[in-house]
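Here is a protein model to explore. Have a look at the chain first, and then we'll walk through it together.

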Amino acid sequence: MVDVSSITAMTSALNGAMDIKKGLLSLKSQAELQALSIELNAKLIEAQQAIFEVNDERQKLIDQIKTLQSKIDEMRDWEKESSRYTLISPWPGTPVTVYHLKKSESNSEKPHWLCPNCFQNKKKSILNTNQKKGERVHLVCSVCKATINTGYNGIGGPQYAEDIK
Ligand SMILES: [Zn+2]
């Protein structure tokens, strides 16, 4: 939002200075000249102050535009990156779903699982398997610390989304 008050203040101060300049032409005494000169200085200081304020606002707007532009870039990057993945439940009989890389989008990257929690927060975090003795295979996220019980004793390695039946 542009604050026009400082622009208005600047315009009015400059108009005041112009009025004083016109007054100079009809001067009658040294005292009048001095008074007018003081008034003129005051108006110029006012105008200068208003110019500083306008510059401040201008800089704030430039900063806001930069921030917004970088947010737009981030969103576009994530949109592109996230479209390489799809949410799949690869282990029948379990509600477990994780993000799988699409083979068509892999660019020769190996298949891997991504944490669904982190994905919602627009972050990519690869899940690693962890199986303690006597327990089912768990998928562990090193970023959000999520631990997902697959319910299986063995799940094999990650596959591309297209290869899951
Ligand atoms: Zn996570």
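What follows is a short tour of the chain, from its overall layout to a few single residues.

## How sure can we be?

Keep in mind that this is a predicted model. The chain averages a pLDDT of 91, and 98% of its residues score at least 70. Confidence does vary along the way: helix H1 (residues 5-24) is where it's lowest, with a mean of 80, while S3 has the highest, at 98.

## Two domains

The domain assignment splits the chain into domain 1 (5-81) and domain 2 (83-163). Taken over C-alpha atoms, the centres of these two domains are 58 Å apart.

For another distance, pick out leucine 101 and leucine 27. They sit 74 residues apart along the chain, and their C-alpha atoms are separated by 85 Å.

## Strands that pair up

Let's turn to the strands. As a general rule, strands of a sheet pair through backbone hydrogen bonds, either parallel or antiparallel. Strand S1 (residues 85-88) pairs with S2 in the antiparallel sense, over four bridges. One place to spot this pairing is threonine 86, whose bridge partner in S2 is histidine 100. S2 is also joined to S3, by two bridges, and these strands run antiparallel too. There, tyrosine 99 stands opposite leucine 114 in S3.

Further along, three strands form an open sheet in the order S4-S5-S6, with antiparallel pairing. Its edge strands are S4 (127-130) and S6 (147-149), each of which pairs on one side only. From one strand to the next, the twist averages 30 degrees. S5 and S6 are joined by three bridges, and valine 140 stands opposite threonine 147 in S6.

## The nonpolar core

Which residues make up the largest nonpolar core? There are nine of them: Val98, Tyr99, Trp113, Leu114, Cys115, Leu127, Leu139, Cys141 and Ile148. Strands S2 (98-101), S3 (113-114) and S5 (138-141) each supply at least two residues of this core.

Tryptophan 113 is a good one to click on. Leaving aside neighbours within four places in sequence, tryptophan 113 is in contact with Val98, Tyr99, His100, Ile126, Leu127, Leu139 and Pro158.

## Leucine 101: buried or exposed?

Leucine 101 is found in strand S2. It counts as buried because it has 22 C-beta neighbours inside 10 Å, and the cut-off for buried is 20 or more. Not counting residues up to four places away in sequence, leucine 101 touches Arg84, Tyr85, Ser106, Glu109, Pro111, His112, Tyr160 and Ala161.

## Two residues with a positive phi

Most residues other than glycine have a negative phi. Asparagine 107 isn't a glycine, yet its phi is positive, at about 50 degrees. You'll find asparagine 107 in the loop between S2 and S3. Is asparagine 107 buried or exposed? With 7 other C-beta atoms within 10 Å, asparagine 107 is exposed, since the cut-off for exposed is 12 or fewer.

Lysine 145 has a positive phi as well, of about 65 degrees, and it isn't a glycine either. Its place is in the loop between S5 and S6. Lysine 145 has 9 C-beta neighbours inside 10 Å, so it counts as exposed.

Definitions and conventions. Residues numbered from 1 in each chain as written. Predicted model: local features only at pLDDT ≥ 70, side-chain atom pairs only at ≥ 80, totals over all residues. Core = buried A, V, L, I, M, F, W, Y, C linked by C-beta atoms within 7 Å. Contact = placed C-beta atoms within 7 Å. Domains from an automatic or database assignment. Pairing = 2+ DSSP bridges. Axes fitted to C-alpha atoms, helices over the stretch in contact; angles between N-to-C directions. pLDDT = per-residue confidence, 0-100.
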